[in-house]
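Biologist: I have a few questions about the labels people put on a fold. Could you walk me through them with the picture open?

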Amino acid sequence: MKLVTFFSLKGGAGKTTGLMSAVSGLRMAGYRTALLEADKNDPLKFWRGNAMENGTWDADCKIFEATTGKEMAASYASAQRAGYDIAVFDAEGGESDVNTDAILSSDLILVPLALSSFDVEYGISSFEFAREALEANGRDVPIAFLICRFPAAKSKLTKADLESFEILKDLPQVSTRLPSRAAYADMGTSGMLHLYYAGLREDPALRVTSISIKTALEEARSLAADITDGLEMEQHNADPKH
Ligand SMILES: Nc1ncnc2c1ncn2[C@@H]1O[C@H](COP(=O)(O)OP(=O)(O)OP(=O)(O)O)[C@@H](O)[C@H]1O
Ligand SMILES: [Mg+2]
């Protein structure tokens, strides 16, 4: 089983959102995906609760507790025994022992960040934090930025946004980006993107909404492909159900 950690020292960077999109993408590609919840605010359990109410939770995606290093190790072992292909770790904001344990056990680390100069600076510090922890432990693990929350329309990008893109352009990053979309902001309540979309598609009155969600879904699919590429996993055939 491979471990992917969504990490940032900054709160509200997009860790949970990036992870939720990735889970949909990975499920659409047929990967069995386990979720490791480190954040004591339980965002993943809230997501599951809302999704189950809406019929948009994939029952094979189990959430494992990972609020301490010990719990994290036990959960990782359970998920591996249960035959999951990939586990995704939702780090809590900031520095913590369990975050560092996850970084050191990861096969890939994604550092989400928005484009304000503050977010970029904080994102770069987060990247360096992970890199130094890995280096101190003799581990060579890919770390990449995941750029989130910028205007989806090119014409709406500010000068500051373009400057941030310029700063980030030579730094390691996944090719997929997650611009600001209602589909992402709503995911915590609507549930898993691909299952939510499947429900909307069946209702002709909601076809217009479903078109905007489809764009987010394509990004989720592409993010999952970036992740499995980063993990050097063999590509699965897309799950014919989706
Ligand atoms: N691409 C996006 N489009 C729209 N909203 C987004 C996007 N990315 C993140 N958000 C919103 O930004 C807020 C912070 O995102 P998120 O909760 O994913 O960050 P986080 O790093 O997990 O935060 P925390 O440190 O609190 O765990 C949320 O309200 C989320 O819905
Ligand atoms: Mg979070």
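Biologist: Why are α4 and α5 called roughly perpendicular to each other?

Modeller: Keep in mind that this is a predicted model. The axes of helix α4 (residues 97-105) and helix α5 (residues 117-136) cross at roughly 65°. Angles of 65 to 115 degrees count as roughly perpendicular, and therefore α4 and α5 get that label. As for handedness, α4 passes α5 in a right-handed crossing.

Biologist: Which residues make the contact of α4 with α5?

Modeller: On the α4 side, Thr100, Ile103 and Leu104. On the α5 side, Ala130, Ala133 and Leu134. Here two residues are in contact if their C-beta atoms lie within 7 Å. By class, that makes five nonpolar, one polar and no charged residues.

Biologist: And what about α3 and α4: how do their axes cross?

Modeller: At roughly 35°, with the axes of helix α3 (residues 69-81) and α4 coming within 8 Å. From α3 the contact takes Gly69, Met72 and Tyr76, and from α4 it takes Asp97, Val98, Asp101, Ala102 and Ser105. How does that divide by class? Four nonpolar, two polar and two charged residues.

Biologist: On to the sheet. What makes β3 and β6 the edge strands?

Modeller: Read the order of the six strands in this open sheet: β3-β2-β4-β1-β5-β6, with parallel pairing. β3 (63-65) and β6 (143-147) each have a single partner strand, so one side of each is left without a neighbour in the sheet. From one strand to the next, the twist averages 25°.

Biologist: How do you know that β1 and β4 pair?

Modeller: Two strands pair if there are at least two bridges between them. β1 (residues 2-6) and β4 (residues 86-90) have five bridges, in the parallel sense, so they pass that cut-off of at least two. To find the spot on screen, look for threonine 5, which stands opposite phenylalanine 89 in β4.

Biologist: Last one, the ligand. Which residues come nearest to ligand 1?

Modeller: Lys15, Thr16, Thr17, Gly93 and Tyr184, out of the 18 residues around ligand 1. Two elements, α1 (15-28) and α7 (182-185), give two or more residues to that shell.

Biologist: Which element gives the most to the shell?

Modeller: That's α1, with three residues.

Biologist: How do the shell residues divide by class?

Modeller: Around ligand 1 there are six nonpolar, eight polar and four charged residues. If you're sorting them yourself, remember that Gly counts as polar here.

Technical notes
Residues are numbered from 1 along each chain as its sequence is written. Chains are lettered from A and ligands numbered from 1 in the order in which they are written. This is a predicted model: local features need pLDDT of at least 70, side-chain atom pairs count only at pLDDT 80 or more; totals for chains, interfaces and linings use all residues. Axes are lines fitted to C-alpha atoms, for helices over the stretch in contact, and angles run from 0 to 180 degrees between N-to-C directions. Helices (H or I, at least four residues) and strands (E, at least two) are DSSP runs, numbered from the N terminus. Angles under 35 degrees count as roughly parallel, over 145 as roughly antiparallel, 65 to 115 as roughly perpendicular and the rest as oblique. A crossing is left-handed if the near helix is turned anticlockwise from the far one by less than a right angle, and right-handed if clockwise. A residue is near a molecule or strand if its C-beta atom, placed from the backbone, lies within 6 Å of it.
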